[in-house]
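Biologist: I'd like a close look at one part of this protein, with the charged side chains in mind. Could you walk me through it slowly, as you would for someone new to structures?

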Amino acid sequence: MNMLVSSAALTVGVSAVGAEAKTSANSRDAALFDLVRQWRKNASEFDAAMDEQFDAEERTAWPDVPEALFERADDRVLNLRPVPHFSGRGWYFPSAHLLKPDAAEPMWFWTFGDDGRWLPQQSRARARAEEIIKAAERHEQATRAAERASGLVEAKIRTKPLSAKNRELRQLVINSSASTLEGLLAKASVAAWCFDSLEEIETCVKEELEAQGPTGDVIAVSLLLDLARMAAAGGTGAVTAAAAMGAAPALRGDVKPSAPVAPDPVFAAITRHKAAWQAWTAAEGDGGELSQADDAAAGAAHKEEQKALNALLRLPPTTIEGMRAAIKYTAAVCKRGDVPEYLATFTSTLLESPVLKV
């Protein structure tokens with residue numbers, strides 16, 4: 001999640017927002033929407049700069065690596081582990097600075113035997129280190145020349161301040177509390193931009209769920225996925241894509257569904273997990289020692305409970321009521337399960353949002 005990617009790849013309602021859109025002056029999240037608009041402008045510029053940087057990298061005629069930088073059979077005398085190269089061989093370019101005599105912690109062959117009576121392996125180590133250092137300097141100069149010729153250096157210079165500004169704006173968005181559902185969706189659009197696509201968020205939830213189980217971190221990402229899907233859908237009968245990005249936020253009562261809304265499937269998922277939870281706790285009994293058969297039955301019931309919970313976490317609510325019910329039920333699960341206290345507090349706090357009151 002640390003690499004920023006093109007926001008063009010993520011359709012979280014961005015295309016639905018015109019440049020002339022204005023935020024409602026009386027919105028409780030007016031300040032947040034203003035931040036999101038600033039971030040969106042910066043993200044667009046940053047994406048364009050990154051595209052230029054990627055193009056420059058493709059144009060760059062990277063120099064061949066000097067053979068002296070690759071590991072040799074007798075290099076063990078250096079006592080320095082090589083770094084894996086994409087060719088499959090080990091090389092010393094990333095760590096060549098550690099071999100220099102003026103390094104913060106000089107290698108043994110520079111500090112031992114200053115009286116001139118060098119050991120044979122010390123002499124070989126010094127000669128090999130000097131060979132690597134010179135080859136690394138030549139390769140560094142050739143690489144920088146290739147980057148200047150392709151325009152990569154200039155592209156990196158343009159990208160760096162935009163990246164720093166984007167981080168600054170995202171930090172401000174994080175520190176700004178949302179008091180409306182539209183505000184929550186606006187924050188979700190900023191968070192989702194850090195992924196390549198909605199599909200990547202889905203994959204993240206699936207993989208982490210399989211690796212960790214229903215932990216607090218997985219539930220938190222699942223909430224992000226729900227909000228991102230709602231924004232990308234362009235409206236669920238409650239909000240619009242434009243509102244998701246802070247453009248003329250609509251109140252719940254302002255948007256009327258044009259057709260009957262199907263029952264939110266999240267309610268059935270909650271019911272299934274509740275039944276599975278009750279069956280598991282009943283199989284566990286009062287905490288006393290279980291027979292082999294009862295223990296096996298309790299284990300099977302626990303697997304069914306986990307299966308039902310995993311299905312619930314992967315199912316995005318389709319209505320405001322479903323969203324509230326899912327958060328409320330998840331908060332209850334957090335309080336009785338092995339999850340971080342901060343997540344239980346967060347889910348309880350979400351329920352206090354006035355837009356989720358029913």
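Biologist: Let's start with Glu 208: is it buried, partly exposed or exposed, and what is its relative accessibility?

Modeller: Happy to, and keep in mind that what you see is a predicted model. Glu 208 counts as partly exposed, because its relative accessibility is 31% and the partly exposed class lies between under 20% for buried and over 50% for exposed. Glu 208 is found in helix α6, which covers residues 198–212.

Now look at what surrounds that side chain. Glu 208 belongs to a patch of negative charge on the surface, together with Glu 207, Glu 210 and Asp 217. Helix α6 gives the most to this negative patch, with 3 residues. A residue needs over 30% relative accessible area and no salt bridge to be in a patch, so Glu 208, at 31%, clears the area cut-off.

That brings us to charged residues that do have partners. Side chains of opposite charge can pair when their charged atoms come close. This structure holds 12 salt bridges, so let's visit some of them, using the cut-off of within 4 Å between nitrogen and carboxyl oxygen.

Go to helix α1, residues 30–59, where you'll find both Asp 34 and Arg 37. Their side chains meet in a salt bridge, 3.5 Å from N to O. The two residues are 3 apart, about one turn of the helix. Asp 34 is partly exposed at 34%, and Arg 37 is partly exposed too, at 24%.

Next comes helix α3, residues 120–150, in which Arg 144 and Glu 147 are also 3 residues apart, about one helical turn. They form a salt bridge whose closest N and O atoms are 3.0 Å apart. Here the partners fall into two classes: Arg 144 is partly exposed at 33%, whereas Glu 147 counts as buried at 6%.

In helix α4, residues 152–175, the pair is Lys 165 and Glu 168, again 3 residues apart and about one turn of the helix. The closest N and O atoms of this salt bridge are 3.5 Å apart. Lys 165 is partly exposed at 35%, and Glu 168 is partly exposed at 42%.

Salt bridges can link up as well: Arg 72, Asp 75, Arg 128 and Glu 131 are joined in a network of them. Put that beside the place where you began, and you have two kinds of charged group to compare: a network of salt bridges and a surface patch of negative charge that includes Glu 208.

Conventions. Residues are numbered from 1 along each chain as its sequence is written. This is a predicted model: local features need pLDDT of at least 70, side-chain atom pairs count only at pLDDT 80 or more; totals for chains, interfaces and linings use all residues. Side-chain values use heavy atoms; hydrogens and water are left out. Helices (H or I, at least four residues) and strands (E, at least two) are DSSP runs, numbered from the N terminus. Buried means under 20% relative accessible area, exposed over 50%, partly exposed in between (1.4 Å probe, protein chains only). Patches are made of residues with over 30% relative accessible area and no salt bridge: like charges are joined within 9 Å, nonpolar side chains (Val, Leu, Ile, Met, Phe, Trp, Tyr) within 5 Å. Accessible areas come from the Shrake-Rupley method with a 1.4 Å probe; for residues, only the protein chains shown count as cover. Lys and Arg count as positive and Asp and Glu as negative; His and the chain ends are not counted. The place of a charge is taken as NZ of Lys, CZ of Arg, CG of Asp or CD of Glu.
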